[in-house]
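Hi,

Here is the structure I said I would pass on to you. Have a look at it first, and then read my notes underneath.

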Amino acid sequence: MTEHQESVQPALDFSRIQETSEGDLDFERELFEIYLEDCQERLIRLRTAIQQGNSKAVLLEAHTIKGASANVGTTLLQDLAFTLEQADSTAIAESGAETLDQLDAEFARVKVAITEYLSKL
């Protein structure tokens, strides 16, 4: 992913969460708050798994991040998590840390977008 792609594509497709919540703003807020907290914790566990070369843990955390990100509409974050989910142990050793850095950067961008969105509810 290039910086240009990040700046062109929005961090979130808010229609996804709006569809899920069926217009219930309190439910949207709760979903986003849970997502942010859970994703942050999973990124920490993912970093540990990559550092330890634990492919099974990388798969689990990446899969969960991918699914949760799809549910709230964070396409780039979902794609990056999918990359790690599909990686074998060699790919994790060679490029896992770099992909995780991209995940962290995209999560920061998503967090800003969600925070701004929630401040307007």
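Before anything else, one definition: a residue is called buried when its relative accessible area is under 20%, and exposed when that value is over 50%. Also keep in mind that this is a predicted model.

Let's try the definition out on Glu-85. This residue sits in helix H5. Is Glu-85 buried or exposed? Its relative accessibility is 11%, so Glu-85 counts as buried. And what does Glu-85 touch, once residues up to four places away in sequence are set aside? The answer is Leu-59, Ala-62, His-63 and Lys-66.

Now for the whole protein. There are six helices and zero strands, so the globule rule is a handy check on the overall build: the radius of gyration is 14 Å, close to the 14 Å the rule gives for 121 residues, and the protein is therefore as compact as a globular protein of that length. If you drew a box around the C-alpha atoms along the principal axes, it would be roughly 45 × 30 × 20 Å. Of the 121 residues, 34% count as buried. Take the contacts between residues at least 6 apart in sequence: 68% of them join residues at least 24 apart.

A few words on the outside and on charge. The protein exposes about 6900 Å², and carbon and sulfur atoms supply 51% of that. As for charged side chains, you will find 10 positive and 23 negative ones, with the centres of the two sets 3 Å apart.

Then the inside. The largest nonpolar core has 28 residues, and those touching the most other members are Phe-32, Tyr-35, Leu-43, Leu-46, Leu-103 and Ile-114. Helices H3 (25–52), H4 (55–72), H5 (75–86) and H6 (89–119) each supply at least two residues of this core. Which helix gives the largest share? That is H6, with nine residues.

Two residues are worth clicking on here. Start with Leu-46: leaving aside neighbours within four places in sequence, Leu-46 is in contact with Val-58, Glu-61, Ala-62, Ile-65, Leu-84, Leu-100 and Leu-103. Ile-65 from that list is the other one, and it is placed in helix H4. With a relative accessibility of 1%, Ile-65 counts as buried. Beyond its neighbours within four places, Ile-65 is in contact with Cys-39, Arg-42, Leu-43, Leu-46 and Ala-81. Try this distance too: Ile-65 and Phe-82 are 17 residues apart in sequence, and their C-alpha atoms are 8.6 Å apart in space.

Last stop, the loop between helix H2 (14–21) and H3, where you will find Gly-23. Gly-23 has 53% relative accessibility, so it counts as exposed. How far is Gly-23 from Asp-13, C-alpha to C-alpha? The two are ten residues apart along the chain and separated by 15 Å. Glu-22 is in the loop between H2 and H3 as well. At 73% relative accessibility, Glu-22 counts as exposed. Check its backbone, too: phi of Glu-22 is near 50°, which is a positive value in a residue other than glycine.

If you want a pair to set side by side, look at two glutamates: Glu-85 counts as buried at 11%, whereas Glu-22 counts as exposed at 73%.

Cheers

Note on methods:
Residues are numbered from 1 along each chain as its sequence is written. This is a predicted model: local features need pLDDT of at least 70, side-chain atom pairs count only at pLDDT 80 or more; totals for chains, interfaces and linings use all residues. Side-chain values use heavy atoms; hydrogens and water are left out. Helices (H or I, at least four residues) and strands (E, at least two) are DSSP runs, numbered from the N terminus. The radius of gyration is taken over C-alpha atoms; the globule rule is 2.2 Å times the number of residues to the power 0.38. Buried means under 20% relative accessible area, exposed over 50%, partly exposed in between (1.4 Å probe, protein chains only). Contact means heavy atoms within 4.5 Å. Accessible areas come from the Shrake-Rupley method with a 1.4 Å probe; for residues, only the protein chains shown count as cover. Lys and Arg count as positive and Asp and Glu as negative; His and the chain ends are not counted. The place of a charge is taken as NZ of Lys, CZ of Arg, CG of Asp or CD of Glu. A nonpolar core is a set of buried Ala, Val, Leu, Ile, Met, Phe, Trp, Tyr and Cys residues joined through side-chain atoms within 4.5 Å.
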